[in-house]
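Work through the exercises below with the sequence and the 3D structure at hand. Each task is followed by a solution in steps.

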Amino acid sequence: MTAHVTSPQFKQNATKALADDQLQKAMSNVRQGFIDKRAAVAAKLPEFEALRDSARDIKNHALQNLDLYLERWEEKVTAAGGQVHWARTADEACGAVLDICRRVGAKTVTKGKSMISEEIALNAALETAGITPVETDLGEYIIQLRGELPSHIIAPAVHLNATQVESDFRRVHTHLDPQRDLSQPVQLLTEARGVLRDKFLSADVGITGANFLIAETGTSVIVTNEGNGDLTQILPRIHIVIASIEKVVPTLEDVSQILRVLARSATGQEMSVYTTFSTGPRRPGDPDGPEEYHVIVLDNGRSAMLGTAFQDMLRCIRCGACMNHCPVYHAVGGHAYGWVYPGPMGAVLSPSLIGVDKAGHLPNASTFCGRCESVCPVRIPLPKMMRHWREREFERHLSPATVRSGIAFWGFFAKRPALYRLATRAAMGALAWFGRRKGAFKSLPLAGCWTQYRDFPAPQGGTFQAQWKAKRGGR
Amino acid sequence: MATVLLDTQSAKTRPVRPRVALFVTCLVDLMRPSIGFAAVKLLEDAGCVVEVPSQTCCGQPAFNSGDRATATAIAARTIDAFAGYDYVVAPSGSCAGMIKAHYPELFAGDPNLARKADALAQRTWELTSFLVDVMGVTAVAAKVEATATYHDSCSGLRELGVKRQPRQLLASVEGLTLTEMNENEVCCGFGGTFSVKYGEISDSIVGKKTGNVAASGAHMLLAGDLGCLMNMAGKLSREGKAVEVRHVAEVLAGMTDEPPIGVARQPAA
Ligand code: SF4
């Protein structure tokens, strides 16, 4: 199973998003919230840029030796009494989770935030099997109530305003007093906490994601701000971690280095509120912890990225900084991207995972402004990789015919300077003549996509090269 | 897109009167030749001998559309046409960035051309950074009465580190006050073919930009890239916002006789 994909309708999704006033209001919070905080916390740490280099190098090293570190990690997990389940596809991963849940007769599972869970559409699989999944991260809980995908990889409900959440809570929490005051965000939080507390205690299985898997110790690591992840993994009898292959890093020291750039890049915090390390199930004498500890490790197309132009994308530590700084993401929000991974990282990753035929718009819907790369804590060259996808699409004739013929036409002249001079001189002469009275066109044949929104400034008339030749004799 | 570190060596090793090839850029060539003449004036005032080799386009539209073959063919032509000069200067961070940051990448698999591409990349500069960082220009002799705001175009800013150079030169323009707008480092939404392929999104982005321009109180908008300027001028004009839009070179050269971008030469007859 894979989450429903609407990426081929990116343009229609974008049109809807641009007309959605609620969304536009919510997105302006992203613009202000994340960017300034990241900049401030980065400026306070003199070694921030050096740490980014180091984070990049650690991930590169891990990816170059991925088989080795995954094997070493599995040995350590097993030695600590945990169990590792390898899943090639989303279906296999869901199947592995369901097998465990069925074996222990689980009726309710609590879930910490996990993008892999979204990628494999685990909630749908659980529900089909008659098991109730309960999201315990506040944002995930809200979008679960609404039946939506996350619109951001670390702030799943960032597309919503408090009033929308209030009406969802009133719709779903019908056991509570209809007259209660929910006008303050903290009241929403308190209500969600109250509802979730019972679920934590009654859950049979707790499922979390993993920010890192540590080869040296067989440990999985999660970072959260709400503490829900800890309750999810400690209270039920069974803890299932769902992770993907590229999450493995060699050592504890490596993780502590990467953690120093993760929260700073993500939320502008120096550290997340909770950073939790889990190694195996509860040992004799441990005061708490699950009886069983399982890790489902998903491939789902990632190993095919190794050794290709897209390998660098596997460095991603899911901080969200690229989308926080993306003008296109700000304009259309995460849902327009049509699958679980939005923004620049999604524009590179989604074509790898669901196919460029489906996700082809995403790497094209970028101005290549480069702000994503300039903030990525592991220095992923996102625009360059989006360009690689455009090259693949061009080679496979997936790019729109208008673009192909436009570039071919332009390229023909650009390769032939003499012809170019002749043709452009005539064309610009005509355009200047038509635009001479107003200075700009309100509409222009063949440029409707431009003039629908903006005027098109008229050329001054005469090309520079022709005028230069006339003035300076072609020196 | 790593920021290319400025080569402080260049300032020391450069010839006294360097031969500079102007890469005028296709947009300036076709749409607004006056920017080219402003660039020539600034370069000549700084002591350069300026030449204009026969040229077309840097190939960026093809490169960014995924048409690597066409981009490579155009780049190979440009490399030939611009060989043998001390420097190549473009009144555009985007086109200079294409040559500096992406030509070497295009020819990475071809040792012979890669060497030439690297050599060209090292000699290529965006106009304002060339004037300040290579020619050591600290002031220009221009007078323009205006309150202006400056938009940092993306490629110049993030590929070439162009930020302080245009501001340093603008500070020396008599009569000019520079007032910074909010989010001056945020993309204007142009993005070359993006502006027509995703016109609606592009429009939303440029709308935020023109909002910031208007809120700054400036009545002149400057930038170093004509693509961005046409996009912003087109939106300002559509919104009926009376802001004079110009390339930074026009102001630095004191050549503001030509009407601003998108304004007719004479009133309608
Ligand atoms: S691509 Fe970089 S910036 Fe974007 S989420 Fe991944 S690590 Fe963060």
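The exercises that follow concern a predicted model.

**Exercise 1. Overall description of chain A**

Task: State how many helices and strands chain A has, and what share of its residues is buried.

Solution.
Step 1. The secondary structure of chain A consists of 23 helices and twelve strands.
Step 2. Of the 475 residues in chain A, 59% are buried.
Step 3. Along the principal axes, the C-alpha atoms of chain A fill a box of roughly 90 × 60 × 45 Å.
Step 4. Among contacts in chain A with a separation of 6 or more, 73% are between residues 24 or more positions apart.

**Exercise 2. Domains of the two chains**

Task: Find the domain bounds in chain A and chain B, and give the separation of the domain centres in each.

Solution.
Step 1. In chain A, the assignment gives domain 1 as residues 43-303 and domain 2 as residues 420-471.
Step 2. The C-alpha centres of these domains of chain A are 56 Å apart.
Step 3. In chain B, domain 1 covers 3-133 and domain 2 covers 140-252.
Step 4. The centres of domain 1 and domain 2 of chain B, taken over C-alpha atoms, are separated by 22 Å.
Step 5. The contact between them takes 30 residues from domain 1 of chain B and 25 residues from domain 2 of chain B.

**Exercise 3. The six-stranded sheet**

Task: Give the strand order of the open sheet of six strands in chain A, and explain why E1 and E3 have one side without a neighbour.

Solution.
Step 1. The order is E1-E10-E7-E4-E2-E3, and the pairing is parallel.
Step 2. E1 and E3 (132-135) of chain A stand at the edges with a single partner strand each, so one side of each has no neighbour in the sheet.
Step 3. On average, neighbouring strands of this sheet are turned by 25° against each other, with direction ignored.
Step 4. Strand E4 (residues 205-208) of chain A runs parallel to E7(A) and is joined to it by four bridges. In this pair, Ile207(A) stands opposite Ile240(A).

**Exercise 4. Strand E10 and its partners**

Task: Determine which residues of E10(A) point one way and which the other, and whether they are buried or exposed. Then describe how E10(A) pairs with E1 and E7 of chain A.

Solution.
Step 1. In a regular strand, side chains alternate between the two faces of the sheet.
Step 2. In E10(A), Glu292(A), His294(A), Ile296(A) and Leu298(A) point one way, while Tyr293(A), Val295(A) and Val297(A) point the other way.
Step 3. Seven of the seven residues of E10(A) are buried.
Step 4. E1 (residues 83-87) of chain A is joined to E10(A) by five bridges and the two run parallel. Here His85(A) stands opposite Ile296(A).
Step 5. E7 (residues 238-244) of chain A also pairs with E10(A) in the parallel sense, over seven bridges. Ala243(A) stands opposite Val297(A) in this pair.

**Exercise 5. A glycine in a loop**

Task: Locate Gly320(A), decide whether Gly320(A) is buried or exposed, and name what it touches.

Solution.
Step 1. Gly320(A) is in the loop between strand E10 (292-298) and helix H13 (321-324) of chain A.
Step 2. Its relative accessibility is 2%, so Gly320(A) counts as buried; the cut-off for buried is under 20%.
Step 3. Apart from residues up to four places away in sequence, Gly320(A) touches His152(A) and Ile153(A).
Step 4. Gly320(A) and His152(A) are 168 residues apart along the chain, and their C-alpha atoms are separated by 7.3 Å.

**Exercise 6. Helix H21 of chain A**

Task: Check the span of H21(A) against the expected value, then identify its buried and exposed residues and what covers the buried ones.

Solution.
Step 1. H21 of chain A has 19 residues (417-435), which at 1.5 Å a residue should span 27 Å. The end C-alpha atoms are 26 Å apart, which agrees.
Step 2. Buried in H21(A) are Pro417(A), Tyr420(A), Thr424(A), Met428(A), Leu431(A), Ala432(A) and Gly435(A).
Step 3. These residues lie on the same side of H21(A), because they cover an arc of only 95° around the axis.
Step 4. The face turned away from the buried side carries the exposed residues Leu422(A), Arg425(A), Ala426(A), Trp433(A) and Phe434(A).
Step 5. The cover over the buried residues includes helices H20 (401-414) and H23 (464-472) and strands E11 (440-441) and E12 (456-457) of chain A, together with helices H2 (26-31) and H5 (68-81) of chain B.

Conventions
Residues are numbered from 1 along each chain as its sequence is written. Chains are lettered from A and ligands numbered from 1 in the order in which they are written. This is a predicted model: local features need pLDDT of at least 70, side-chain atom pairs count only at pLDDT 80 or more; totals for chains, interfaces and linings use all residues. Side-chain values use heavy atoms; hydrogens and water are left out. The expected span of a helix is 1.5 Å times one less than its number of residues. Buried means under 20% relative accessible area, exposed over 50%, partly exposed in between (1.4 Å probe, protein chains only). The arc is that of the directions from the helix axis to the C-beta atoms. Contact means heavy atoms within 4.5 Å. Two strands pair if DSSP finds at least two bridges between them. Domain bounds come from an automatic or database domain assignment. Axes are lines fitted to C-alpha atoms, for helices over the stretch in contact, and angles run from 0 to 180 degrees between N-to-C directions.
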